[in-house]
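Me: Please take a close look at how the aromatic rings are placed in this model, and follow the surroundings of the rings as far as they lead. I would like the cut-offs stated as you go.

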Amino acid sequence: VYVRHIRRAMAAVARASLIVNGILLFTGLYLAFVPGQNGGKLQSSLSVRGPSTHFSVSRSTPVCRNMAVNSKRRKVDVLLKEEVVGTGKKGEIISVKPGFYRNYLQPRGIGAQPTAEYLEELQLEEERRIAEEKAKKDAALKMKNGLQILSFTIRVKAKDDGTLYGSVRAQDVVDVVKEQTGNELDPKSIDLPSIERLDTYQVGVNLHPDVRASFPVSIQRGK
């Protein structure tokens, strides 16, 4: 009878020891993965011993250090509403540090979280921009075809040998084109050759970044 009681007592002690070891084990794991006061570099270990168990956990293990580094490198995806020099252009989705987004991009309305609604709005805006650019280019091509089939005349004072008294300006070309076609060119877009005598010259004009026209302008005696 005494032997039976002794065995039961030993079994109860063994179970209690296992429970205590389990609690200590999970406590050690928790402490190992909580950053220390010195940036995770604090040396601390916990040993769990029992009849057949020995487990040691240290806060300075490589796993804990890697987790700390990865947490510092965490980034968020941000959709730029405007171009940010050195960061990205409007409409791009970039990865930035959370602090940069919270303290700079978001308060200034420069960046936002890329929601489906905003991406759809951005897509519509891009489609409108492309349509406008196409309309401008089509108008420039139409004007180019009209200029190339017409001839323009500018009358100036000249000497008997054909040398001009004055000069022909880009604005003179703009005026004669508007008078005949109704279209007004930008004087800065006119590529005017050197005009010193009565003659016919080819004048160039940039109608669009992708469209350049050339048309004849006759300089005749008059006025």
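Reply: Phenylalanine 100 has a relative accessibility of 32% and therefore counts as partly exposed, a class that lies between buried (under 20% relative accessible area) and exposed (over 50%), with a 1.4 Å probe and protein chains only. The model is a predicted one, in which local features need pLDDT of at least 70 and side-chain atom pairs count only at pLDDT 80 or more, while totals for chains, interfaces and linings use all residues. Residues are numbered from 1 along each chain as its sequence is written, and side-chain values use heavy atoms, with hydrogens and water left out.

A pair of aromatic rings is described by the distance of the centres and the angle of the planes. The structure holds 2 aromatic pairs, where rings of Phe, Tyr and Trp (its six-membered ring) pair if their centres lie within 6.5 Å, with planes under 30 degrees apart counted as stacked, over 60 as edge-to-face and the rest as tilted. One of them joins phenylalanine 100 and tyrosine 104, whose ring centres are 5.4 Å apart and whose planes meet at 10°, so this pair is stacked. Both residues belong to helix α3 (residues 98-105), where 4 residues, about one turn of the helix, separate them; helices (H or I, at least four residues) and strands (E, at least two) are DSSP runs numbered from the N terminus. Tyrosine 104, at 31% relative accessibility, also counts as partly exposed.

Phenylalanine 152 and phenylalanine 215 have ring centres 5.4 Å apart, but their planes stand at 70°, so this pair is edge-to-face. It links distant parts of the chain, since phenylalanine 152 lies in strand β6 and phenylalanine 215 in strand β9, 63 residues apart. Phenylalanine 152 is buried, with a relative accessible area of 1%, and phenylalanine 215 is buried as well, at 0%.

Beyond its neighbours within four places in sequence, phenylalanine 215 is in contact with Leu147, Phe152, Val173, Val177, Tyr201, Gln202, Val203 and Val205, contact meaning heavy atoms within 4.5 Å. Phe215 and Ile219 touch the most other members of the largest nonpolar core, which has 25 residues; such a core is a set of buried Ala, Val, Leu, Ile, Met, Phe, Trp, Tyr and Cys residues joined through side-chain atoms within 4.5 Å. Two or more residues of this core come from each of α4 (116-148), β6, α5, β8 and β9 (211-221). Another core lies apart from it and has 8 residues, among them Val78, Val84, Val96 and Ile110.

The strand that carries phenylalanine 215 is joined to β8 by 9 bridges, and these two strands run antiparallel; strands pair if DSSP finds at least two bridges between them. Tyrosine 201 has valine 217 as its bridge partner in β9, and a hairpin of 2 residues connects β8 to β9. Strand β7 (residues 190-191) also pairs with β8, in the antiparallel sense over 2 bridges, and isoleucine 190 has valine 205 as its bridge partner in β8.

Helix α5, which contributes to the largest core, has Ala170, Val173, Val174, Val176 and Val177 buried, and what covers its buried residues includes α4, β6, β7, β8 and β9. Its 12 residues reach 17 Å from first C-alpha to last, close to the 16 Å expected at 1.5 Å a residue, the expected span being 1.5 Å times one less than the number of residues. Glycine 182, just after α5, takes a positive phi of about 85°.

In the loop between β6 (152-156) and α5 (170-181) sits leucine 164, which counts as buried at 8% relative accessibility. Leucine 164 touches Val156, Lys157, Ala158, Ile195, Glu196, Arg197, Leu198 and Ile219, residues up to four places away in sequence not being counted.

As for confidence, the protein chain averages a pLDDT of 76, with 67% of the residues scoring at least 70; pLDDT is the predictor's confidence in each residue, from 0 to 100. Among the elements of the protein chain, β8 has the highest mean pLDDT (95), and helix α2 (residues 62-72) the lowest (37). Residues 36-72 have pLDDT below 50, and in the model this stretch has 49 contacts beyond near neighbours in sequence.
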